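The exercises below ask you to work through one sheet, the helices that pack on it, and a few charged side-chain pairs. Please have the sequence and the coordinates open, and try each task before reading its solution.

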Amino acid sequence: MSVNRCMHVLRLQRRMSALTLRSPGALPDSRVCYGGTAGSPISLGFSRDVSSNSSPPTTPDTSLFVPLAFKSDCSVDGSVGAELTQPLDKSELLKILNRFYKKKEMQKLAADQGLDARLFHQAFISFRKYVLEMTSLGAALHIILNDICCGAGHIDDIFPYFMLHAKQIFPMLDCMDDLRKISDLRVPANWYPEARAIQRKVIFHAGPTNSGKTYQAIQRYLTAKTGVYCGPLKLLAHEIFEKTNDMGVMCDLVTGEDRTFMDPEGRAAGHVACTIEMCSVSTPYEVAVIDEIQMIRDTSRGWAWTRALLGLCAEEIHVCGEPAAIDFVRELMYTTGEEMEVHTYQRLTPFSILDNALESLDNLRPGDCIVCFSKNDIYSISRQIEIRGLECAVIYGSLPPGTKLSQAKKFNDPDDPCKILVATDAIGMGLNLSIKRIIFSTLVKPNINEKGEKQMDTISTSQALQISGRAGRFSSKFKEGEVTTMHRDDLPILKGILSCTVEPIQTAGLHPTAEQIEMFAYHLPDATLSNLIDIFVSLSRVDGLYFVCNIDDFKFLADMIQHIPLNLRSRYVFCTAPINKKQPFVCTSFLKFARQFSRDEPLTFDWVCRHISWPLPPPKNIKDLVHLEAAHDVLDLYLWLSYRFMDMFPDTALVRVIQQQLDDIIQQGVRNITRLIRATDPAGADPLGRGAAASPRVPRLGGMPLERQGNSLASRLVKDGLLTPDLLRQLQSEWFKEVVPQGQEVARKNKKK
C-alpha cells in the first residue's frame, strides 16, 4: 500500500471514529437547554411524588423513526477506491456484510449508539443495498472492503462506515439529547414567566350544575376594572359577552371564528369573554374566570384549561367546576407556590330519579327532554313524536349556534305549542332550557379512549350528573327536576351510576406548542409534521400530574396536507383548525383551502361562494340538511383561518353575512325536520321497537339485550325454532334480576377508566 493511500485512509478513519464514537452526552456549551427547572418554586409538600427530574430518560418508540433516503457523497472521491485497489466482488461482499450483521459485538456497539434491534436491521438493509448497488463507493469504504476481501482487514472495520450511514438515514440518533430536552414537559408552570412574576389569588367555586357557582364568579368579574371569562363553548362566551354589556360594562368577544370589539375604533375593552383556547396569557387582568375546570382532564382539549390555569396573568383567578377537581387544582397551585380558597355551593333546586321509565312516547308531557347520543336517534324519535301529534324542538352538536339558540327559544317560549325537546348531550353546557324531566333514550355513548380509538361505553357519573342537572333549573318555571330512562331495564343502571361519587381528577392535559415542534424540525428537517408529533410524544416526559393530550385529529389533518408545500408554522396552524373530520365536504374544503394558500392566492369571497355553490336552497331532506351544516362548518373554517392569515382570507365580513343567511336556512330546515325525515325515510322506524334505528343499550352479560335488533342472535334463534318466545322471556326475566348489581358494577368500571 502506498504512503499516500495509507495517509488518505487514516485521515478518513479518524473522521469516521470522531463522528460515531463521540459521547452522546458531551454537548457543546453553546447548546440551548430547552427543559430544566430554573426558577421553579419551592415545593410546599405534595400528596404524591411528582418530582420526576431524576427519572431516567424516556426510551423512544423506534417504530416511529422513518428512515430517510440515503444521499451518497461518493462523487467527491469518484472511482479513486477502485483505481487504488481493484473492483469489488459483489458475492464476496454479500458474505462479508452478512457476517458483520450476525456479529453480536456489532449489534451491541450499535445499541450503545442508539440503534436498537429494529433500527439496526433497517440500517443494515439500507447499508447493504448501498454497498451492493452503488457503481462506485467512497474511497475509504472501498479500500476497507477490499482489504477485508483480501484477508488484510478485519470485519469490525466496517462499523464506523455503517454508523455514518445509519445516522444519515436516522438523523435523530445524533440529536437525541436535544430532542429529549425539547420534549421535556415536566414543569409546565415555568412556561409562563409573566404569571410566575405575580402572586395570584385562586378562588375555587365548587358545586353541581345549577348551584350558582359561575354566577358568583361572574359577579366579581363584573366589578373588576379588567377581566376575562374563559368558557368551553362559543355559546357560553357569547352569553357572558351579552350579559356583561347589558350590565353597562364594555366587553369584547373573542372566539376562534369571531372578534367583536365594542369600541367603535377597535380598541380593546377592559373585559373580554372568550373560548378557553383563545385566552391571552400575556395580557394582565384584575380578575379571570375559568369555567368548567373539570375539563382539564379531557383527552382532547384538556391542555387549554391547563394553559389558562397556569398561565393567566390575573390578580384573582376564579375557577368554577365540579368538587372532584378541588384537590387536584390545589395540588397544581402548590407547584406555582400559590394558595387556593374554596367556596362550595349546593344545588338551588332539587332533582329526583323517578321509579318508572317512560317506556312509551305516549307518556310524554310538557317540559320533557329526551337525550340521545346520535343524530340518527334524534331523527327517529322526532318522527315518532310528530306521528303522535306533538311538536318538538331539536338540538344537537353540529347545528350552528344560531339554530341552537332558536330551537332553545322555541322550547322555552310558554306561548309556543312546542313543549318537547329532543337533544344530544350538547344541552349539558351553554344553553338555558326550561326542562322538567330528562329522559335518557340510552346510557351508551361513543367515546374516544386514551389511544384515540372510538368505543361504545356507558356514560360516566360526571356526564350523567351534568345532563341530569339540566332538569328543573333555578331560572326556569320548573322548581324541581326529574330524571328517568326510556327503557325500564336501563333505569336501575342509571340509579347505580348516579349513586356513585365522581372520580377525583388526577391529571391535566398538555399539548406540544408550535415553538417546540419548530425546534424539533430544526433537528429533523426532513421529517413530516405527523412524524415530528409522533416522535415528540414518544420522547416527552411528564410528571405524575400531567398527560399529553390525544393528537390523532392533528395528525389526521397533517397527513391530509403533507403533500402541499407549506412552511412549518403555517402547516402547524392549519392542523390545529377545529374541523369535523367525519364530514367529507369539510375535509375536502380544508384541503382546497391549504392548496390555494400554498399558491399564495387569496381566498376571496367569490372563490368561497363558488366552492360552496352559494346561494344554497332550503333542504328538501335530511341529506340536504346535513350538507348545509357542513357548508356552515366550511364558512366557520374560513373565519377561523382569517384571524390567523388575514391577508390570505380577506373577506371576513362578507363571509360572515352569508354564514348568517345560511344559519337562517338551516333554522328553517330544522323547524320542518319531521317533514325532512319523512322525505328521507317514508316508512319511519319506531325507536322504541327493536328496528335498526334503535340506540345501542347498556351492555350486559357480555352482549346487548337479546331483542334489540331484528338480526340479533335472539331473533335468529327464535326464527330458526331453536328458542321459543316463552323461553326468551324467561331468560330476559332472569337477566333482569341482575340489572341492579350490574349497573353498580358498570359505574365502578367507569370510575376506574
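**Exercise 1.** In this predicted model, determine which strands helix α15 lies across and at what angle it runs to β11.

*Solution.* Start from helix α15, residues 401-412, which lies across β10 (368-371), β11 and β12 (420-423). Its direction then makes an angle of about 150° with that of β11. Next, place these strands in their sheet, which is open, has six strands with parallel pairing, and follows the order β9-β16-β13-β10-β12-β11. The edges of this sheet are β9 (351-353) and β11 (392-395), each of which pairs on one side only. On average, and with direction ignored, neighbouring strands are turned by 20° against each other.

**Exercise 2.** Find how many bridges join β13 to β16, and which residue stands opposite Ile439.

*Solution.* Strand β13 covers residues 437-440 and strand β16 covers residues 481-485; the two run parallel and are joined by four bridges. Within this pairing, Ile439 stands opposite Thr484 in β16. Helix α16 (residues 461-468) also packs on the sheet, where it touches β9, β10, β13 and β16, and its direction makes about 140° with that of β13.

**Exercise 3.** For the salt bridge between Arg437 and Asp368, decide whether each partner is buried or exposed.

*Solution.* First, the two side chains meet at 2.5 Å, N to O. Second, the pair links distant parts of the chain, since Arg437 belongs to strand β13 and Asp368 to strand β10, 69 residues apart. Third, apply the cut-off for burial, which is under 20% relative accessible area. Arg437, at 5%, is therefore buried, and Asp368, at 0%, is buried as well.

**Exercise 4.** Work out which parts of the chain are tied together by the salt bridge between Arg388 and Asp362.

*Solution.* The side chains of Arg388 and Asp362 meet at 2.8 Å, N to O. Arg388 lies in the loop between α14 (375-387) and β11, while Asp362 lies in the loop between β9 and β10, so the salt bridge ties together parts that are 26 residues apart in sequence. As for accessibility, Arg388 is partly exposed at 30%, whereas Asp362 is exposed at 57%.

**Exercise 5.** Explain why Asp112 and Lys108 are separated by about one helical turn.

*Solution.* Both residues belong to helix α4 (residues 104-112), and because they are four residues apart there, about one helical turn separates them. Their side chains meet in a salt bridge of 3.8 Å, N to O, and Lys108 is exposed, with a relative accessible area of 56%.

Technical notes:
Residues are numbered from 1 along each chain as its sequence is written. This is a predicted model: local features need pLDDT of at least 70, side-chain atom pairs count only at pLDDT 80 or more; totals for chains, interfaces and linings use all residues. Side-chain values use heavy atoms; hydrogens and water are left out. Two strands pair if DSSP finds at least two bridges between them. Axes are lines fitted to C-alpha atoms, for helices over the stretch in contact, and angles run from 0 to 180 degrees between N-to-C directions. Contact means heavy atoms within 4.5 Å. A salt bridge is a side-chain nitrogen of Lys or Arg within 4 Å of a carboxyl oxygen of Asp or Glu. Buried means under 20% relative accessible area, exposed over 50%, partly exposed in between (1.4 Å probe, protein chains only).
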